[in-house]
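Q: Hi! I'm new to this one, so could you walk me through it?

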Amino acid sequence: MMKKYILDLKVVSCERLGDRYALLKLTSDDCLPEMLPGQFAELRVDGSPGTFLRRPISINYLDREHNEVWFLVAMVGEGTFRLGTLRRGVFLNCIIPLGNGFSLPSTPQERILLVGGGVGVAPLLFLGAQLRQMGCESTFLLGAKKASDLVELDLFRAQGRVFLTTEDGSEGEKGFVTGHSVLQKETFDRICTCGPKPMMLAVARLAAAKGIDCEVSLENMMACGLGACLCCVEPTKEGNICVCKQGPVLNINQLLWPI
């Protein structure tokens, strides 16, 4: 198990992306700890009287060259709005890294499909970068409601091939990710996915039907990130687990989903 840290990290930048997202970049005077694609952090929200709990946010990218860790924040409530409007130079208290990450291939010959929907695309950028360093060719399949909700596309394209879907057809193929033509044209050895549960369930069913190994990153409510509050409990074939400690990444073979 990787060591966890409570760190006051300095805001390098906080950039609005599209209508709903902000890209938050943090740094430290010391070298940032080791992190794995799929892990997350619990970010404290200051100056918000109505926000009592930290917010669990996936690690979007670890930039070792500039000693920065990135978080893609969906601004959906008061807490995440505060995080998405932080000023450069202020400090943000973080518990990092938490949870486990995606499994990495044993050989660069594996064909890996990374499927993301909405803010669920966040951990896939870090994963794609790690796979690229290992010599793997990653294929990203990213979905959103409309074109303006697709973010970081240039960064994803720097790590691998990118295919897109939007529900309104404003970018890429119209529809949901599981209906994209690349799934009929090509075969994959492994699928890694993160996003809304209905999307991940559909991806899991597709993977199971084709006999493809598949890992999902669950987005259960995680108030503490340490397994103390039990609000993130998920029933599995081995019993109930705390997603924040034994997840958030799980193989679909462990889950009790109706696949």
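Q: Okay, I have it open. Which strand does β2 pair with, and in what sense?
A: Welcome! Keep in mind that this is a predicted model. Strand β2, residues 21–27, pairs with strand β5, residues 68–74, in the antiparallel sense, over 7 bridges.

Q: Which residue of β5 is the bridge partner of Tyr21?
A: Tyr21 has Ala74 as its bridge partner in β5.

Q: And what holds paired strands together in general?
A: Strands of a sheet pair through backbone hydrogen bonds, and the pairing can be parallel or antiparallel.

Q: What larger arrangement do β2 and β5 belong to?
A: They sit in a closed barrel of 6 strands with antiparallel pairing, in the order β1-β2-β5-β4-β3-β6. From one strand to the next, the twist averages 45°.

Q: Which strands does helix α2 touch?
A: Helix α2, residues 122–133, packs on the sheet and touches β4 (55–63) and β5. The direction of α2 makes about 30° with that of β4.

Q: Switching topic: what volume does the largest pocket have?
A: The largest pocket has a volume of about 640 Å³. It is lined by 30 residues, and the closest to its centre are Pro56, Ile57, Val119, Glu219 and Asn220.

Q: Which element gives the most to that lining?
A: That would be β4, with 4 residues in the lining of the largest pocket. At least two residues each come from β4, β5, α1 (78–83) and α2.

Q: How do the lining residues of the largest pocket divide by class?
A: There are 17 nonpolar, 10 polar and 3 charged residues.

Q: What about the second largest pocket, what's its volume?
A: Its volume is about 380 Å³. Of the 19 residues lining the second largest pocket, Gly118, Ala144, Lys145, Glu167 and Pro196 are the closest to its centre. The elements giving two or more residues to this lining are β8 (138–144) and α5 (197–210). By class, the lining of the second largest pocket has 8 nonpolar, 6 polar and 5 charged residues.

Q: How many cavities of 30 Å³ or more does the structure hold?
A: It holds 2 of them. The largest cavity has a volume of about 50 Å³, and the second largest has about 40 Å³ of space.

Q: Which residues line the largest cavity?
A: Tyr21, the bridge partner of Ala74, is one of them. The others are Gly118, Val121, Leu142, Gly143, Ala144, Asp149, Leu150, Val151 and Leu153. With 3 residues, β8 gives the most to the lining of the largest cavity.

Q: And which residues line the second largest cavity?
A: Leu113, Val115, Leu141, Val177, Thr178, Leu183, Ile191, Val203 and Leu206 line the second largest cavity. Two or more of its lining residues come from β7 (112–117), and the same goes for α5. The lining of the second largest cavity has 8 nonpolar, 1 polar and no charged residues.

Q: Back to β7: why is it largely enclosed by the rest of the structure?
A: Because 6 of the 6 residues of β7 are buried.

Q: Which β7 residues point which way?
A: Ile112, Leu114 and Gly116 point one way from β7, while Leu113, Val115 and Gly117 point the other way. In a regular strand, side chains alternate between the two faces of the sheet.

Q: Last one: in what sense do β7 and β8 pair, parallel or antiparallel?
A: The pairing of β7 and β8 is parallel, over 6 bridges. Within it, Gly117 stands opposite Gly143 in β8, and Gly143 also lines the largest cavity.

Definitions and conventions:
Residues are numbered from 1 along each chain as its sequence is written. This is a predicted model: local features need pLDDT of at least 70, side-chain atom pairs count only at pLDDT 80 or more; totals for chains, interfaces and linings use all residues. Side-chain values use heavy atoms; hydrogens and water are left out. Two strands pair if DSSP finds at least two bridges between them. Axes are lines fitted to C-alpha atoms, for helices over the stretch in contact, and angles run from 0 to 180 degrees between N-to-C directions. Contact means heavy atoms within 4.5 Å. On a 1 Å grid over the protein atoms alone, a cavity is a set of points where a 1.4 Å probe fits but cannot get out, and a pocket is an open set with protein on both sides within 12 Å along at least five of seven lines; lining residues have an atom within 4 Å of a point. Grid points are joined across faces, edges and corners, and a volume is the space filled by probe spheres set on the points. Ala, Val, Leu, Ile, Met, Phe, Trp, Tyr, Cys and Pro count as nonpolar, Asp, Glu, Lys and Arg as charged, and the others, Gly among them, as polar. Buried means under 20% relative accessible area, exposed over 50%, partly exposed in between (1.4 Å probe, protein chains only).
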